[in-house]
Amino acid sequence: MAETTGNTSDISATGDGAPDSTPRKSSWRYIGPGIVVAATGVGAGDLVATLIAGSNFGYTLLWAAILGCLVKISLAEAAGRWHLSTGRTLFDGWASLGRWTTWFFAVYAVVWGFVYGAAAMSSSALPLQALFPDVMDLKWWGVATGLVGLVFVWFNKYAVFEKVMTVLVGVMFVVTVYLAIRVTPNIGDAFAGLLPVLPDEKDSILNTLGLIGGVGGTITLAAYGYWVNAKGWTNTGWMKIMRLDNRVAYATTGIFVIAMLIVGAELLHAANIAIASGDKGLIQLGDILEREYGTATAKFFLIGFLATSFTSLIGVWHGVSLMFADFVARYRKREQATGEEVASGERERSWPFRAYLLWLTFPPIVLLFQGEPFRLIIIYGVLGAAFMPFLALTLIWLLNSSRTPSQWRSGLVSNGMLAIAGLLFLVLCVKQIWNQPWSEFF
């Protein structure tokens with residue numbers, strides 16, 4: 001039987017007197033997978049995107065950042081609901097829609113994992129080099145973070161992984177909220193930013209859609225159902241807790257987003273300071289914080305930057321490896337995936353799980369030293385843009401079909417939010433593909 005969480009007073013019994021792994025009522029102490037998905041989904045690039053939005057538009061797009069969190073709540077809830085209501089994994093659901101889903105995921109997992117591995121290691125290396133500039137070169141810091149992530153995920157099961165992620169989220173929370181308070185937010189302007197108004201700028205609609213869709217995770221939203229199962233939540237008795245957990249996840253994400261938008265609006269927008277996109281923008285922010293508030297605040301921020309980047313690294317190392325292990329199991333047709341099997345930790349010890357861990361770690365090291373190959377980056381950008389509409393639209397398909405028990409199919413609100421998400425990410429996907437330099441590709 002799957003592991004349970006909490007004490008036995010909250011566990012009900014089945015008709016034959018055997019313990020049932022479902023709680024009688026929702027409880028905050030069960031929260032866990034949501035913290036993991038929030039920590040993994042909010043990376044350094046997300047924080048920079050929010051900072052830039054605050055820098056360019058002040059509080060004008062605060063409503064868009066919050067709407068983005070609501071969209072992600074609907075997607076993660078749908079993924080978790082599929083796992084709990086059917087007893088089947090998300091990849092099992094995708095495979096039932098046709099072989100095309102298998103091919104899409106296979107190519108995505110290989111190309112995306114290769115490029116993302118290098119990006120995650122570089123992102124984690126930047127704050128370490130800023131904190132310890134004389135210890136080693138940036139590339140070697142990147143190698144070190146990748147190896148630490150590999151060893152940690154390889155030798156620890158979900159329970160330890162969740163505890164470490166929770167501690168790191170706590171660090172992220174304290175740092176981002178401290179910075180938001182430190183820059184003294186204008187409460188009146190912040191409340192005005194809750195009104196859905198577009199900036200009076202060129203391409204303001206696309207910029208707004210990008211902010212809505214860009215914060216809070218991509219493939220990690222699909223991994224949420226796997227973490228739900230790994231927690232020991234395996235049936236519909238855990239549905240209320242899963243939904244509470246999911247709301248906590250994106251409330252946490254919302255706090256991160258709002259805090260960084262406040263920093264962008266107050267510290268950068270007011271002084272007309274521009275920062276670079278990408279992870280290096282946070283290093284620039286660290287320099288600005290040092291000038292404005294002193295070395296201690298800058299170092300404190302860099303620690304938060306490190307926590308943000310490293311949670312994304314180990315979150316992907318764990319969550320996407322679980323998905324890849326499930327993909328291989330489906331392909332080989334040698335086992336049936338159930339919540340109990342996932343929760344038992346068997347998949348975390350399987351050779352496909354560890355093979356993908358190695359793929360995320362060692363081949364990308366080459367990119368750290370040789371640079372990223374141009375054509376591969378274009379393919380990576382297209383696949384990454386296509387994944388979110390793929391996720392949203394397949395969830396609509398799965399959760400409105402006979403594959404899902406009737407009482408757990410999507411209702412009007414869920415379908416509406418999933419449809420909005422699907423349309424949003426489809427527009428962003430087309431924009432991303434359109435903007436690729438295809439003439440240089442051939």
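What is the volume of the largest cavity? In this predicted model, the largest cavity has a volume of about 50 Å³. When the whole structure is searched, one cavity of 30 Å³ or more is found. Rolling a probe the size of a water molecule over the atoms shows where empty space is left.

The lining of the largest cavity is made up of Leu47, Met172, Val175, Thr176, Met260, Leu282, Phe301, Gly304, Phe305 and Thr308. Seven of these lining residues are nonpolar and three are polar, while none is charged. At least two lining residues come from each of helix H7 (158-182) and helix H13 (295-332). The greatest contribution to the lining is that of H13, which supplies four residues.

One of the lining residues, Thr308, also leads to Ala39, a residue of helix H1 (residues 33-41). Leaving aside residues up to four places away in sequence, Ala39 touches Met165, Val169, Thr308, Thr311 and Ser312. Is Ala39 buried or exposed? Ala39 has a relative accessible area of 0% and is therefore buried, the cut-off for that term being under 20%. A long separation in sequence is also bridged here: Ala39 and Leu313 stand 274 residues apart along the chain, yet their C-alpha atoms are 9.8 Å apart in space.

From the cavity the description turns to the nonpolar interior. The largest nonpolar core has 137 residues, and the members that touch the most others are Leu75, Trp94, Trp317 and Phe387. Helix H11 (residues 239-269) gives the most to this core, contributing 17 residues. In soluble globular proteins, nonpolar side chains tend to be buried together. The surroundings of Leu75 can be listed: with residues up to four places away in sequence not counted, Leu75 touches Leu221, Met388, Ala392, Leu395, Leu418, Ala421 and Phe425.

The confidence of the prediction remains to be considered. The protein has a mean pLDDT of 85, and 89% of its residues reach 70 or more. Among its elements, helix H6 (residues 138-155) has the highest mean pLDDT, 96, and strand S1 (residues 11-13) the lowest, 37. Across residues 1-20 the pLDDT is below 50, and this stretch has 35 contacts in the model beyond near neighbours in sequence. The pLDDT is likewise below 50 over residues 334-344, a stretch with 32 contacts in the model beyond near neighbours in sequence.

Methods
Residues are numbered from 1 along each chain as its sequence is written. This is a predicted model: local features need pLDDT of at least 70, side-chain atom pairs count only at pLDDT 80 or more; totals for chains, interfaces and linings use all residues. Side-chain values use heavy atoms; hydrogens and water are left out. On a 1 Å grid over the protein atoms alone, a cavity is a set of points where a 1.4 Å probe fits but cannot get out, and a pocket is an open set with protein on both sides within 12 Å along at least five of seven lines; lining residues have an atom within 4 Å of a point. Grid points are joined across faces, edges and corners, and a volume is the space filled by probe spheres set on the points. Ala, Val, Leu, Ile, Met, Phe, Trp, Tyr, Cys and Pro count as nonpolar, Asp, Glu, Lys and Arg as charged, and the others, Gly among them, as polar. A nonpolar core is a set of buried Ala, Val, Leu, Ile, Met, Phe, Trp, Tyr and Cys residues joined through side-chain atoms within 4.5 Å. Buried means under 20% relative accessible area, exposed over 50%, partly exposed in between (1.4 Å probe, protein chains only). Contact means heavy atoms within 4.5 Å. pLDDT is the predictor's confidence in each residue, from 0 to 100.
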